[in-house]
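Good morning, everyone. Please take a moment with the sequence and the structure before I go through some of the computed details.

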Amino acid sequence: MTPDVKPSQRNYVTELCRCVEMERKLLYMEAEMIKDKIKVVEHNTMAPKPLPLNEIATLENILEKWENEVLEMSEHQTTLLKNYLELSEMNYVLNHIGPLMGESEMTEESIFGRTTAAGGESGFIGRLFVLTGVVKRSRSFPFEMMMWRVSHGNIYYKRANQDAILQDPITGQDIRKVAFLAVCQGEQLSVRLEKVCSGFHVNLYSCPQTFDERMDMMLQLGIRIDDLESVMKKTKYYRCKALRTVSKQWESWMVQIRKSKAIYHTMNMFTLDITRKCLIGQCWVPDLDLPKVEDVLLRVSEKAESNVESFILKSDDSEDPPTYHRTNKFTKGFQVLINAYGDSTYRELNPGLYTVITFPFLFALMFGDFCHGLILLIFAGWMVSVEKEHMDKNSKNEIWAIFFGGRYVILMMSLFTLYTGFLYNEFFCKSVMVMTPYWMNTYDKETLEKFRYVELNPVFETNAPYIFGVDPVWALSKNKIMYLNSLKMKMSIIIGIVHMMFGLILSLFNHLYFKRHYSILLESIPQILFLTCLFFWLVTMIYMKWFIFSGKYTEVKRGAGCAPLILILFIDMVLMSTTKPVEDDCDAYMFEGQEKLQRFLFLVAVLCVPVLLFGTPVYLYYTYKKKKEEALKKISQFRRYQRRESDKYAEAKILKEIAKYSTPFGELMIHQAVHTIEFVLSTISHTASYLRLWALSLAHEQLSEMLWVMVMSKLGLKDTSSTGCIKIFVIFAIWAVFSLSILVVMEGLSAFLHTLRLHWVEFMSKFYSGTGYPFKPFSFKAILSNDSKDDNTEAMCKRKVVTYQ
């Protein structure tokens with residue numbers, strides 16, 4: 001309501017900044033708890049109420065007290081750790097560098113001896129300097145090389161044999177260091193080496209020159225380290241005690257603060273009336289929930305004993321409303337899949353309703369194994385059975401949250417997989433015989449033992465047709481792959497064309513609802529005709545070939561050898577050429593007059609393209625021209641007679657219409673040309689894209705069969721030795737792990753992603769624009785679960801603090 005007011009100048013920015021500051025203090029203490037591995041006591045409740053204005057100061061004082069106490073103990077602990085690190089490094093240097101010196105004294109006199117100067121006084125030949133300290137192990141080699149280069153080799157350098165693992169007082173991480181001894185001659189060289197040590201952040205420690213002094217220092221360091229460790233334990237104990245006390249109330253405080261912060265952030269969007277005693281705001285409310293909102297406002301006014309009751313009024317607005325789909329725990333997972341593509345335009349058909357059936361069905365076509373579907377069913381059933389325990393919990397495991405959120409999607413996918421697995425006759429790649437097969441055994445026992453696989457030919461004597469699914473005898477045939485390829489490839493084309501046709505029919509309902517009747521005549525009907533004349537005719541030829549030709553027929557022209565190739569018929573139809581027969585004694589077409597019918601269908605499909613290309617732009621150009629003139633007359637009359645502030649929404653609505661109707665013809669033509677080219681080309685590519693149903697189904701079946709033959713059959717079941725009964729348990733475990741990880745998990749995810757693509761690209765592109773924005777009501781549950789916050793709140797509060805100062 002106040003878009004012109006700066007965020008830092010709004011009414012409740014002070015309270016909002018106080019909430020942000022309290023949240024910062026709690027997050028700081030949470031970080032300190034994580035350092036000491038103290039878990040926050042989780043209550044998993046929304047019970048804590050927002051903070052009233054008179055209680056904010058109380059909680060501020062409590063949090064400030066705890067923050068100061070934790071901060072003081074943390075700083076004290078950091079100081080102790082720094083001292084402990086220095087003493088530990090010094091003790092490490094004495095323990096590992098001292099033995100390198102031995103019992104000798106590192107003095108010039110003891111090394112070089114005395115000499116007589118020119119004046120008869122005693123002196124030294126040169127002056128000796130000793131550098132001892134510790135350097136990081138990762139930087140020790142470059143450090144040593146730099147020392148040698150700077151000194152030109154005039155240095156004695158020695159490293160300790162054993163490294164020391166120390167703790168960084170700031171980060172708390174372990175660091176590996178090594179002690180060193182460097183002896184050089186001359187003050188200038190010593191200064192240069194100290195600069196090198198400073199550049200490598202080396203800690204230098206002076207080492208006593210005599211053996212007795214070194215032993216005394218080591219004794220004193222041991223006593224100081226022991227005393228420091230006891231002080232550190234006490235400090236850490238009191239610090240952890242304070243943090244554990246905070247952890248018991250941390251979640252309740254955070255819930256209260258975030259609720260209050262969300263309320264003040266929302267109240268900043270309101271505006272105060274003239275009396276500064278009433279807040280006025282605008283919001284979107286679903287029509288069905290309007291009575292509930294009015295009832296809540298009435299009850300809260302009575303409870304607060306307000307002199308003026310809170311009320312809500314409907315208002316006209318020029319903006320498009322948000323989209324809100326009511327879902328339950330079953331449909332929510334499917335709706336999330338649709339929203340990941342894009343949110344529906346207001347009142348647009350929601351694909352989530354149809355996805356409940358089409359998504360698991362297409363998935364099951366690619367994942368068709370009864371036993372694999374049974375594993376999915378057990379997993380989904382377990383998640384559904386424990387949903388009450390996990391519904392209100394915010395899991396930090398993202399993978400578990402995704403699976404649990406889509407538990408009903410997995411349940412439906414498993415149920416459909418049971419159906420398609422039974423249809424394909426796949427039970428861990430093995431077939432079962434539930435009824436009398438179609439094929440009769442015409443081979444003797446010796447032939448079957450000699451040849452593991454036989455070739456099935458329908459010319460032989462057969463039984464009644466196998467009523468449901470794939471005949472189990474195909475599992476023993478040589479031409480199994482040829483049969484399954486033909487069956488599943490044609491099945492994919494049929495299902496794909498029907499699925500896309502269903503999407504085009506749904507676009508009719510969108511046009512009817514939005515009263516775009518011109519789109520029905522100029523877009524939907526030509527698109528349906530184009531798809532029907534070309535690809536639905538392809539589906540018709542598939543069914544005709546199945547019913548007209550068969551290996552059982554004695555008539556030559558209706559035999560399997562005379563069946564025309566459907567792909568050749570379709571290509572010749574597009575090229576407007578005559579198809580040649582497969583054999584000399586066969587017919588080129590399935591029925592008389594097929595060639596003329598195909599040319600007519602192709603001509604109709606071609607004529608649909610210019611209608612799609614020019615129809616809509618020409619119609620919209622003349623329609624927009626008339627409506628723009630009417631809108632201009634309306635705005636001139638409006639500005640002449642209407643002067644009230646309340647009419648600004650009506651004026652904005654008219655201006656929006658003028659901008660819409662001012663679209664030039666070239667822009668309309670370009671947009672429609674892109675749309676037409678995309679539809680014509682995508683019709684071919686989308687039809688081919690549905691072949692993934694065939695490819696993934698065949699790949700899943702062959703991979704399952706290979707795993708069974710290579711692991712279970714060869715390694716386990718064929719072992720007839722005395723150890724075979726023990727070996728089979730190990731082989732079965734390996735086969736089960738591979739089946740679960742590869743065939744169920746990886747193949748399942750692959751089929752899921754391909755199904756998602758078929759819905760997003762091939763199906764939804766026919767009728768779904770997805771250019772709307774979602775309805776996001778004010779909800780404490782959503783705010784706390786998503787940890788949502790205004791991105792500008794922190795920066796705004798910083799500016800506000802500067803203003804106060």
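**From a helix end to the cavities**

Let me begin at a helix end, where Glu305, just after α7, takes a positive phi of about 55°. This is a predicted model, so please take everything I say with that in mind. The helix that precedes this residue, α7, covers residues 290-304 and has 15 residues. From its first C-alpha to its last α7 reaches 21 Å, which is close to the 21 Å expected at 1.5 Å a residue.

Let me turn now to the cysteines, and to the disulfide. The structure holds 1 disulfide, and it is formed by Cys562 and Cys586, whose sulfur atoms lie 1.8 Å apart. The torsion about the S-S bond of this pair is about -60°, so the disulfide is left-handed. The pair links distant parts of the chain, with Cys562 in the loop between α16 (517-548) and α17, and Cys586 in the loop between α17 and α18, the two being 24 residues apart. Both Cys562 and Cys586 are buried.

Cys429, on the other hand, is in no disulfide, and the nearest cysteine sulfur, that of Cys371, is 9.6 Å away. Is Cys429 buried or exposed? With a relative accessibility of 9%, Cys429 counts as buried, because the cut-off for that class is under 20%.

Cys429 also brings us to the cavities, of which a search of the whole structure finds 3 with a volume of 30 Å³ or more. The largest cavity has a volume of about 80 Å³, and Cys429 belongs to its lining, together with residues including Tyr424, Asn425, Glu426 and Ser431. Further along the sequence, the lining also takes in Val470, Asp471, Trp474, Ala475, Lys480 and Leu484, as well as Glu701. By residue class, the lining of the largest cavity divides into 6 nonpolar, 2 polar and 4 charged residues.

The second largest cavity has a volume of about 50 Å³. Among the residues that line this second cavity are Asp572, Met573, Met576, Tyr589, Glu595 and Arg599. Which helices supply at least two residues each to the lining of the second largest cavity? They are α17 (566-575) and α18 (594-641), and the largest share, 3 residues, comes from α18. The lining of the second largest cavity divides into 3 nonpolar, 3 polar and 3 charged residues.

I would like to finish with two individual residues and their contacts. Thr676 has its place in helix α20, which covers residues 665-689, and Thr676 is buried, with a relative accessible area of 4%. Leaving aside neighbours within four places in sequence, Thr676 is in contact with Val609, Leu612 and Leu613.

The other residue is Asp36, which sits in the loop between α1 (13-35) and α2 (53-101). At 19% relative accessibility, Asp36 counts as buried, because the class takes values under 20%. Not counting residues up to four places away in sequence, Asp36 touches Lys236, Arg239, Cys240 and Leu243. One of these contacts, Cys240, has a relative accessibility of 10% and therefore counts as buried as well.

Methods:
Residues numbered from 1 in each chain as written. Predicted model: local features only at pLDDT ≥ 70, side-chain atom pairs only at ≥ 80, totals over all residues. Heavy atoms only, no water. 1 Å grid on protein atoms, 1.4 Å probe; cavity = no way out; pocket = protein on both sides within 12 Å on 5 of 7 lines; lining within 4 Å. Points joined across faces, edges and corners; volume = space filled by probe spheres on them. Nonpolar A, V, L, I, M, F, W, Y, C, P; charged D, E, K, R; others polar. Helix = DSSP H or I, 4+ residues; strand = E, 2+ residues; numbered from the N terminus. Buried < 20%, exposed > 50% of the residue type's maximum accessible area, 1.4 Å probe, protein only. Contact = heavy atoms within 4.5 Å. Disulfide = S-S within 2.5 Å. Expected span 1.5 Å × (residues − 1).
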